Amino acid sequence: MTTNNPLIGIIMGSKSDLPVMQDAIDVLKHLNVPFEVSVVSAHRTPQRMFDYANAAAERGLKVIIAGAGGAAHLPGMVASITHLPVIGVPVKSSNSIDGWDSILSILQMPNGIPVATVALNAAKNAGILAAQMVAIANPEVTERLIAFKMDLKEKVEQTATEVENIRF
């Protein structure tokens, strides 16, 4: 899936990661930020991973979101190839050790190869963070993010009012 002139790349190690990564897709759709989606395995298709990361900036991408489970090398390996910011989404996969293997594989990067890491299965936060990075140079995305955050605030205030009016 590719939208016109994508600014954000969403990649994952396998199709089994898609249910988690769908949250990033959904939030970027909601914010109307162009993105692309692909499967790029660090272990099974290393040349595909290299080609994707190497050409990402040239194709106009500004940020890459990389989701991976288990050994979870994809975000770090992509970050080692491109100068673009990479956001890692640790995925609790079927062969995972409660997701800790994924979290630590993405989080423990050597100096010089940073990967911004969100919580386990937190692809929605990765999508929001990527949109915030794009918004630095894009006033339209900035406006949509401000509206998104205001909507979150209003929902919390509405819920607070509802709870405060409950008679215990």
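In the predicted model, I8 stands opposite F35 in strand β2. The neighbouring element on the other pairing is strand β3, where V63 is the residue opposite I8. I8 belongs to one side of strand β1, together with I10 and M12.

Strand β1 spans residues 8-12 and takes part in two pairings. With β2 (residues 35-39), β1 pairs in the parallel sense over 5 bridges. With β3 (residues 63-69), the pairing of β1 is likewise parallel and comprises 5 bridges. The connection between β1 and β2 involves helix α1, which covers residues 18-30; β1, α1 and β2 together make a right-handed β-α-β unit.

The burial of β1 was examined residue by residue. In a regular strand, side chains alternate between the two faces of the sheet. In β1, I8, I10 and M12 lie on one side, whereas G9 and I11 lie on the other, and all of these residues are buried. Both faces of the strand are therefore covered. Because 5 of the 5 residues of β1 are buried, the strand is largely enclosed by the rest of the structure.

A surface feature is found in helix α4, which comprises residues 100-107 and contains W100. The relative accessible area of W100 is 53%, so this residue is classed as exposed, the cut-off being over 50%. W100 forms a nonpolar patch on the surface with L104 and L107. Together, the three residues of this patch have about 330 Å² of accessible area.

How values were computed:
Residues numbered from 1 in each chain as written. Predicted model: local features only at pLDDT ≥ 70, side-chain atom pairs only at ≥ 80, totals over all residues. Heavy atoms only, no water. Patch = residues over 30% accessible without salt bridge, like charges linked within 9 Å, V, L, I, M, F, W, Y side chains within 5 Å. Areas by Shrake-Rupley, 256 points an atom, 1.4 Å probe, with all protein chains shown as cover. Salt bridge = Lys/Arg side-chain N within 4 Å of Asp/Glu carboxyl O. Helix = DSSP H or I, 4+ residues; strand = E, 2+ residues; numbered from the N terminus. Buried < 20%, exposed > 50% of the residue type's maximum accessible area, 1.4 Å probe, protein only. Pairing = 2+ DSSP bridges. Right-handed = clockwise from strand over helix to strand, strands pointing away.
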